[in-house]
Amino acid sequence: MTFQRKLLLGFSLMALPALLVGTEAIRSNALERRALQALGESMARTRTYAELETAMFDQSEVIWRYLSGMDPTARTEFRATGEVVNYWYQRWKAELRPEESELGEGVLAIQRQIQAVGDSVFVLHEAGNREQAFQLASTELKSRLLPALTLLNREIYRRARESSVRGAYARLEEILAAENRVLLGLIGLALGAGLLFSWLIARSLARPLRELTGDMAVVGTGRLDHPIRATSKDEIGDLARAFAGMTQQLERAQAQLVQSGKLASIGEMAAAVAHGMRNPLASLRASAQLARRHPDSAGAGEQLDAIIEEVDRLDRRISHLLSFARPAPYRPLVERLPQLVEGLLPSFAELLRERQIELRLALPSELPEARVDPMQLEQAMVEIVSNAIDAMPARGTLTIAGRTVRYADGQQEVVLDITDTGRGIAPEVMSQVCEPFFTTRAEGTGLGLAIAKRYVEQNGGALELESTPGKGTTVSIHLPAFAGQAAGATA
């Protein structure tokens, strides 16, 4: 029997219980809807009264704001709130049942008394009898009318619960009890049919599916040469055979992709090297020609200096390329980051002085130690600091700050923030600045930040950049704090 026929058989066994359950659900839903509709009407009436109650208390609050002198326009607001109270009262009264009419009369009587007390308070207060006005409000409004309104509210809400909510819940309980009895019978029927169908599925489908799943899991780990077993003669067997053919094609495609990736990387590197060396070589040739034609001229020395400078620049490019292509081995030690920073700063002292760049250090002595390769981390910081200085050709501030980040699980990070006040990085290229061979400077190699990122990640950390065009850039080195051995312990 094919897989399709097995499914049709299973769905046929499930169709009858599903049909019965659906019929019972429709019947129960209709009954519940009628009960909930009645409850909704009652709740709507209660919500209307809640608005009326709030409006009445708001109207009394206006009187107290007027007496306190906080709101000179309260008398006008008192009239407006009276109209709001009348609006909600008319809506609520229209929804009342005949046996609830005395409740409406009680609310109306209290509202009229609040209105009369408010008018009297305003008259006394405007006549200069402020103490009498306050006494009248306290005696009539606070001590008599509002407590009476509260008692009446309780009676209104009590009747609403008894007449509608309890009745609706009782009806719903009856409906649910009957529905439970019917559903229990249907569940028993569906359970029997389901067990039978599951037994059939387990015999004919489960084993080949488990085998295919296991084979797919092995192939998913990268073992494309793993043999795929197709023991079933139904659609699952066809699927297994198709999957086996697909893995063979993937194996061939993977080999081609690896070869293409290697060729693409070689081509990208060759293009970057050619682009980076063509201009310096042209400058070298032009300077050499000038020095050769006029060896005794005053400008010959300048041309030779230019040749030396270009040769040094080419040497730096080649060093960057070698560092990126053949990174140094990882040899971690437990180090104090402030000491590493202070050790590399002297090499930048002259350049900072020439460009009139102010150096600011904020490296707390209590920074935790980190287990890092000092050579790799120092090289990463050299690349970042060099980029920061290049971003400030004339004047600026270079800040190197350290901080500790503590997480809820007890783990700690040591963070070094290197900030410049240069021109910043445009938002559209922020995602590319750490990619190899990407640079925004004509003399750049595009490998500085790529090398720094690789070294930081090799030391278990992460590199983050934040930049605002025209204001500067911050490069943050996140490293896990060391815990376990004393400072200075080796790997």
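R79 and D119 form a salt bridge in this predicted model, with their closest N and O atoms 2.9 Å apart. Because R79 lies in helix α2 (residues 74-95) and D119 in helix α3 (residues 101-126), the pair ties together parts that are 40 residues apart in sequence. The count of salt bridges comes to eight, and the points below take up three of them together with an open sheet of five strands, the helices α7 and α9 that lie across strands of that sheet, and residues with a positive phi, among them Q356 and R395.

**Salt bridges**

- Both partners of the bridge between the two helices keep some accessible surface, since R79 counts as partly exposed at 39% relative accessibility and D119 likewise counts as partly exposed at 22%.
- Within helix α8, the side chains of R353 and E350 meet in a salt bridge with an N to O distance of 2.2 Å, and because these residues are three apart in that helix, they are separated by about one helical turn.
- This spacing can be set beside a general property of helices: an α-helix has 3.6 residues a turn, so residues three or four places apart point the same way.
- At 55% relative accessibility R353 counts as exposed, whereas E350, at 41%, counts as partly exposed.
- A further salt bridge joins E358 to R360, where the closest N and O atoms are 3.2 Å apart; E358 is partly exposed with a relative accessible area of 39%, and R360 is also partly exposed, with a relative accessible area of 44%.

**Helix α3**

- Helix α3, the element that holds D119, has 26 residues and reaches 38 Å from its first C-alpha to its last, which is close to the 38 Å expected at 1.5 Å a residue.
- After α3 comes G128, a residue whose phi is positive, near 95 degrees.

**The five-stranded sheet**

- The strands of this open sheet follow the order β2-β4-β5-β7-β6, and their pairing is mixed; β2 and β6 (462-468) are the edge strands, each of which pairs on one side only.
- On average, neighbouring strands of the sheet are turned by 15 degrees against each other when direction is ignored.
- Strands of a sheet pair through backbone hydrogen bonds, either parallel or antiparallel.
- Strands β4 and β5 pair in the antiparallel sense over eight bridges, and T399 stands opposite T419 in β5.
- The same two strands, β4 and β5, form a hairpin with five residues between them, and in the turn G410 has a positive phi of about 95 degrees.
- On the β7 side, β5 (residues 412-420) and β7 (residues 472-480) likewise pair in the antiparallel sense over eight bridges; the partners in β7 include S476, which is bridged to D417, and P480, which E413 stands opposite.

**Helices across the sheet**

- Helix α7 (residues 337-344) lies across β2, β4, β5 and β7, and its course makes an angle of about 25 degrees with β5.
- Helix α9 lies across β2, β4, β5, β6 and β7, running at about 170 degrees to β7.

**Positive phi outside glycine**

- Most residues other than glycine have a negative phi, and against that background two residues deserve a look.
- Q356, which is not a glycine, has a positive phi near 55 degrees and lies in the loop between α8 (349-354) and β2 (357-362); with a relative accessible area of 45%, Q356 is partly exposed.
- R395, likewise a residue other than glycine, has a positive phi near 70 degrees and is found in the loop between α9 (374-390) and β4 (396-406); at 58% relative accessibility, R395 counts as exposed.
- Each of these loops leads from a helix to a strand of the sheet, the loop of Q356 joining α8 to the edge strand β2 and the loop of R395 joining α9 to β4, with α9 itself lying across strands that include β4.

Definitions and conventions: Residues are numbered from 1 along each chain as its sequence is written. This is a predicted model: local features need pLDDT of at least 70, side-chain atom pairs count only at pLDDT 80 or more; totals for chains, interfaces and linings use all residues. Side-chain values use heavy atoms; hydrogens and water are left out. Helices (H or I, at least four residues) and strands (E, at least two) are DSSP runs, numbered from the N terminus. Buried means under 20% relative accessible area, exposed over 50%, partly exposed in between (1.4 Å probe, protein chains only). A salt bridge is a side-chain nitrogen of Lys or Arg within 4 Å of a carboxyl oxygen of Asp or Glu. The expected span of a helix is 1.5 Å times one less than its number of residues. Two strands pair if DSSP finds at least two bridges between them. Axes are lines fitted to C-alpha atoms, for helices over the stretch in contact, and angles run from 0 to 180 degrees between N-to-C directions. Contact means heavy atoms within 4.5 Å.
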